[in-house]
Amino acid sequence: MDAPQLKRNSDDVGWEYGVLYDPKTPDKVKCKLCGKEMSGGVFRMKEHIGHQRGNVAACPLSTKEDQAKCMNALKEAKHKKTRKRQHDEELRSEVNINKPHLDDELQEEHGTQTAPHFQGPMDKFANHINPEASLAARTRQQNIHDAISKEKTHVVRQYCARWMYESSIPFNAIDNESFRLFCEALGQFGPGWVPPTQYQLREPLLNEEQERTKKKLKSLEVEWEEQGCSVMTDAWTDMKRRSIMNLCVNSRGGTCFLSSKDTSKDSHTGEFIFKYIEKCIGDIGAKKVVQVVTDNATNNVAAARMLKEMRPNIFWTGCAAHTIDLMLEGVSKLPWFAKVISQAKALTVFVYAHHKTLSMMRAHTKKRDIVRPGATRFATCFLTLQSLHEKKSQLMSMFGSDEWHECKHSKCVKGKQASDTVMSFAFWSSVIMVLKVFSPMVKVLRLADGEKKPSMGFIYGEILEAKKSIKEASNHLEKNYKPIFQIMDEKMKGRLDSPLHLAAYFLNPFYFYKDPNIQYDMEIIEGFIACVETFYYGDFEKQNKVVNDEINLYKNKCGSFGKTLALKGCEQNDETFDPGNWWATYGCHVPTLQKLATRVLALTSSSSGCERNWSSFEAIHTKKRNRLDVNRLNSLVYVQFNARLFNKHKKIKEKAIDVIIDDGNEETVEDWIVEQHQEDQATNVGVVPNTQSPKVRDLYDDDFESEEEDEVMLDMEFEPDVFHETPEFCDTPMGY
């Protein structure tokens, strides 16, 4: 087997200089430059290339640039460990169960308390951990959170695992920070802690947590007052056809859940949606709300017209993530794209249809799946094609192996077709071309779907950039890119070219100062003026000041706008650049325009933050829990939904999550692992069609509720894979 096939599927810089040379020992690597073989994996390779003394001899052929690159990677890894340790220490410091006044009262009643006992080396020979005996005697004082003894740590983990298995708790719950805080608090308490009763969980503790969540949202409410906010709405229907509509509020600080309403007995008409949103706006304060974001269904459009009459100074916009999904859907239906996707689906369906082929695939890919679940079906399509391309060599190795040729499935028609597909140069060239076209749109989808920074000021501009990339990928041949552009323009019209989107594009200095000709685009300027008229509705004096006075200072780089720092601050569209903050810093001499710009550029462009957490409702609205009274049910939803939103926003900010990937979401991968006729057969034998799973944000231009589709039970676990912002492939020109 050649070296490239043994390369780890990783972005680590060390793999630029080394390869795995022993398939049985993944820790052994070989330097590409000097040929030295060593143990210690890619970390040792970076030390070798970077001339890091101590563990391995320096590479005699590495350049100064190579050395600097590897040394920087080593330093970054060290800093990453330091940051993780600091995070753990900060997390631990958040827990403090000792309240001064409580300690004083206890000392008066029971005498001086002794300090908690921490595990040490000698505890290895002391009493064994026995929670049952501890619960009975309640006399032994032993803090086990920071146990040094591996044996005792393992015993504690066994008890934790047993509780999770017996209670059917998902494995990913172990990574929840609230659980880690609970473990730390329990460790500080020591033995003898009594869990809360069911009554305490249902009533006082739930009420306390709800109040704590409300206090946590106070900082966001202050932000709503200063920079405005967006109201987002979406509906969810469970398998029993119970319908629930929820409202969320988004601002620069993130998305929070506001309220939910059982709408099972109500028709989701435009008037019904309008009344619910109007009440929400009244509760928040109309002066704080800048826009309402929903999907593009016809009943939402009707509600938008009613809101325009009632509150003409509030914008109503369609969800950008939903619109980009519709673009991907339209492009994927073009004949050439549909053919490539169909071939890829036939390949993955065949591999996943048989235990033998699935086992062979995972053996060659080191237990990594080729199908990647996404937040939508079209995100799954892109991620799976990207995954197939990344594992091209492993799949070719699999279908070229003796094990495959000896397998009975290699003799069947579908097996031969799958093998021909993998071994086809034309297929892989086509996959590369599809990825080149999809990648720019998926980049915009990530922008719209994420919450790293407000996206309103970037959506229109990034769609224009996506078109440039697609045109380049199509070799500038009009016959290749014209059908794609027609679909993009069709889906974009009336959705992402509203006055609000155009004004945000114009007011983003990254785009305008890079291309001042934007000011001569009639569509852009008319959109900007319409945005000003809506934002300052009924106030002609302010409208006049913005359009005929202050905007000219921005266009001509007068005052603070012309400062070197101001121009330097908007040169790069990197993760630190925020046009709203730029205006807050350099727009003080145009206060009326500054207020409009900071509020518009602080807006989200998508309602996906409202949609992506329906699993909270699915978990709470079960048959047993629906026996609870309405107030208690609403409290559970309020606490859990907001907790998920907070955690999601934190992970996005920490770059710990890719918003279009949804590992564990099996519903979006049905087409890639189950043949369509199998679903039809399931319906024919009496399986009752179920409502779309709440995890799947599917695409419907006209319907507010999800369509019904056959429920297919899948017993799959998807292994995490490496994420690439853009596909890594060579330039292979190919026409459509």
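A residue counts as buried when its relative accessible area is under 20%. Keep that cut-off in hand for this predicted model.

Start with the aromatic rings. The structure holds 31 aromatic pairs. One of them joins tyrosine 481 and phenylalanine 485. Their ring centres are 5.0 Å apart, and the planes meet at 45°, so the pair is tilted. Both residues sit in helix α21, which covers residues 478-492. They are 4 residues apart there, so about one helical turn separates them. Tyrosine 481 is buried, and phenylalanine 485 is buried too.

Now look at another pair, phenylalanine 510 with phenylalanine 577. This one is also tilted, with 50° between the planes. The centres lie 6.4 Å apart. Here the pair links distant parts of the chain. Phenylalanine 510 belongs to helix α23, residues 509-512. Phenylalanine 577 lies in the loop between α26 (564-569) and α27 (579-586). The two are 67 residues apart along the chain. Are these two phenylalanines, 510 and 577, buried or exposed? Both are buried, so each falls under the 20% cut-off.

Rings can also join into a group. Ring pairs link Phe506, Phe512, Tyr513, Phe528, Tyr554, Phe561, Trp582, Trp583 and Tyr586 into a cluster.

Finally, turn to the lysines. Lysine 557 lies over the face of tyrosine 513, a member of that cluster, 5.1 Å from the ring centre. Lysine 467 lies over the face of phenylalanine 485, at 5.5 Å from the ring centre. Phenylalanine 485 is the partner of tyrosine 481 in the helix α21 pair.

Technical notes. Residues are numbered from 1 along each chain as its sequence is written. This is a predicted model: local features need pLDDT of at least 70, side-chain atom pairs count only at pLDDT 80 or more; totals for chains, interfaces and linings use all residues. Side-chain values use heavy atoms; hydrogens and water are left out. Rings of Phe, Tyr and Trp (its six-membered ring) pair if their centres lie within 6.5 Å; planes under 30 degrees apart count as stacked, over 60 as edge-to-face and the rest as tilted. Buried means under 20% relative accessible area, exposed over 50%, partly exposed in between (1.4 Å probe, protein chains only). A charge sits over a ring if NZ of Lys or CZ of Arg is within 6 Å of the ring centre and within 35 degrees of the ring normal.
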